[in-house]
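Me: I've got this chain open and would like a close look at one part of it, the last strand and the tyrosine in it. Could you start there and then work outwards to whatever helps me place it?

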Amino acid sequence: MTWSATGEQATMALRLGLFLIWAGVSMFLQLDPVNGDQDKGVSTEPTQDGPAELPEDEECVFPFVYRNRKHFDCTVHGSLFPWCSLDADYVGRWKYCAQRDYAKCVFPFIYGGKKYETCTKTGSMWMSWCSLSPNYDKDRAWKYC
């Protein structure tokens, strides 16, 4: 069995393809790359194999504020790869996140006015989760355990 598009279907597919290309290019051009820690002479540009390696002695600071938004974990805001700030208030010092850099669970934490000392399934359908701040009710920052 073969399938062939009518002229109208082919035109619609072409328009959709062109729109997706346009949308992708538009999104890419709107990315606001973060500025790396250039004082150390370290390349912070991604390579074809992924993010460049950065010094291991620098640690992510959580939470950090970037563009008036508080981040409790690594973010892709303004970047193609997850990154974190090296200061509580982002001032241009940052690094790409490695597995060890992602935010850790905070215990105890408050959820629904109740204190939790471990990961919980409360409020989740099947997976345990934890808060990334001492007060989930206030910050709404979480991750799966």
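Reply: Tyr144 sits in strand S8. Keep in mind that this is a predicted model, and everything below is computed from it. Is Tyr144 buried or exposed? Neither, quite: with a relative accessible area of 43%, Tyr144 is partly exposed, because the cut-offs are under 20% for buried and over 50% for exposed.

Now for the company it keeps. Once you set aside the neighbours within four places in sequence, Tyr144 is in contact with Ser124, Met127, Ser128 and Trp129. Take Ser128 from that list: 16 residues separate Ser128 from Tyr144 in sequence, yet C-alpha to C-alpha they are 5.9 Å apart in space. Tyr144 also belongs to a nonpolar patch on the surface, made up of Met125, Trp126, Met127, Trp142 and Tyr144. Together these residues have about 640 Å² of accessible area. Met127 turns up twice, then: as a contact of Tyr144 and as a member of the patch.

Right beside Tyr144 you come to a cysteine. Cys145 forms a disulfide with Cys119, the sulfur atoms lying 1.9 Å apart. What does that link join? Distant parts of the chain: Cys145 is in the segment after strand S8 (142-144), Cys119 is in the loop between strand S6 (114-116) and S7, and the two are 26 residues apart. The link of Cys119 and Cys145 is left-handed, with -95 degrees about the S-S bond. Cys145 counts as partly exposed because its relative accessibility is 47%, and Cys119 is partly exposed too, at 30%.

Step back a little and you find a second disulfide, between Cys105 and Cys130, with 1.9 Å from S to S. Cys130 is in strand S7 (residues 129-131) and Cys105 in the loop between strand S4 (94-96) and strand S5 (109-111), so this pair ties together parts 25 residues apart in sequence. The link is left-handed, at -70 degrees about the S-S bond. The two ends fall into separate classes of accessibility: Cys130 counts as buried at 0%, whereas Cys105, at 24%, counts as partly exposed.

Further towards the N terminus, Cys60 and Cys84 are joined by a disulfide as well, S to S 1.9 Å. Cys60 lies in the loop between helix H1 (7-30) and strand S1 (64-66), while Cys84 lies in strand S3 (residues 83-85); they are 24 residues apart, and the pair links distant parts of the chain. Both Cys60 and Cys84 are buried. Their link is left-handed, with -65 degrees about the S-S bond.

How many disulfides are there in total? The count comes to four. Number the bonded cysteines along the chain and the pattern reads 1-3, 2-4, 5-7, 6-8.

Aromatic rings are the other thing to look at. The count is 17 aromatic pairs. One of them is Trp94 with Tyr96, an edge-to-face pair at 4.8 Å centre to centre and 90 degrees between the planes. Trp94 is buried, at 3% relative accessibility, and Tyr96 is buried at 9%. Phe109 and Tyr116 make a stacked pair instead, 5.5 Å centre to centre with 15 degrees between the planes. Phe109 has a relative accessible area of 0%, so it counts as buried, and Tyr116 counts as buried at 11%. Trp94 and Tyr96 are also part of one aromatic cluster, along with Phe62, Phe64, Tyr66, Phe81, Trp83 and Tyr90.

Finally, the whole chain, to give all this a frame. It has two helices and eight strands, and from the N terminus on the elements run α-β-β-β-β-β-β-β-α-β. Of the 145 residues, 27% count as buried. The chain exposes about 10400 Å², and carbon and sulfur atoms supply 56% of that. Among contacts with a separation of 6 or more, 45% come from residues 24 or more positions apart.

Back to where you started: Tyr144 is in strand S8, partly exposed at 43%, and shares a nonpolar surface patch with Met125, Trp126, Met127 and Trp142.

Conventions: Residues numbered from 1 in each chain as written. Predicted model: local features only at pLDDT ≥ 70, side-chain atom pairs only at ≥ 80, totals over all residues. Heavy atoms only, no water. Disulfide = S-S within 2.5 Å. Helix = DSSP H or I, 4+ residues; strand = E, 2+ residues; numbered from the N terminus. Buried < 20%, exposed > 50% of the residue type's maximum accessible area, 1.4 Å probe, protein only. Contact = heavy atoms within 4.5 Å. Patch = residues over 30% accessible without salt bridge, like charges linked within 9 Å, V, L, I, M, F, W, Y side chains within 5 Å. Areas by Shrake-Rupley, 256 points an atom, 1.4 Å probe, with all protein chains shown as cover. Salt bridge = Lys/Arg side-chain N within 4 Å of Asp/Glu carboxyl O. Phe/Tyr/Trp six-rings, centres within 6.5 Å; stacked < 30°, edge-to-face > 60°.
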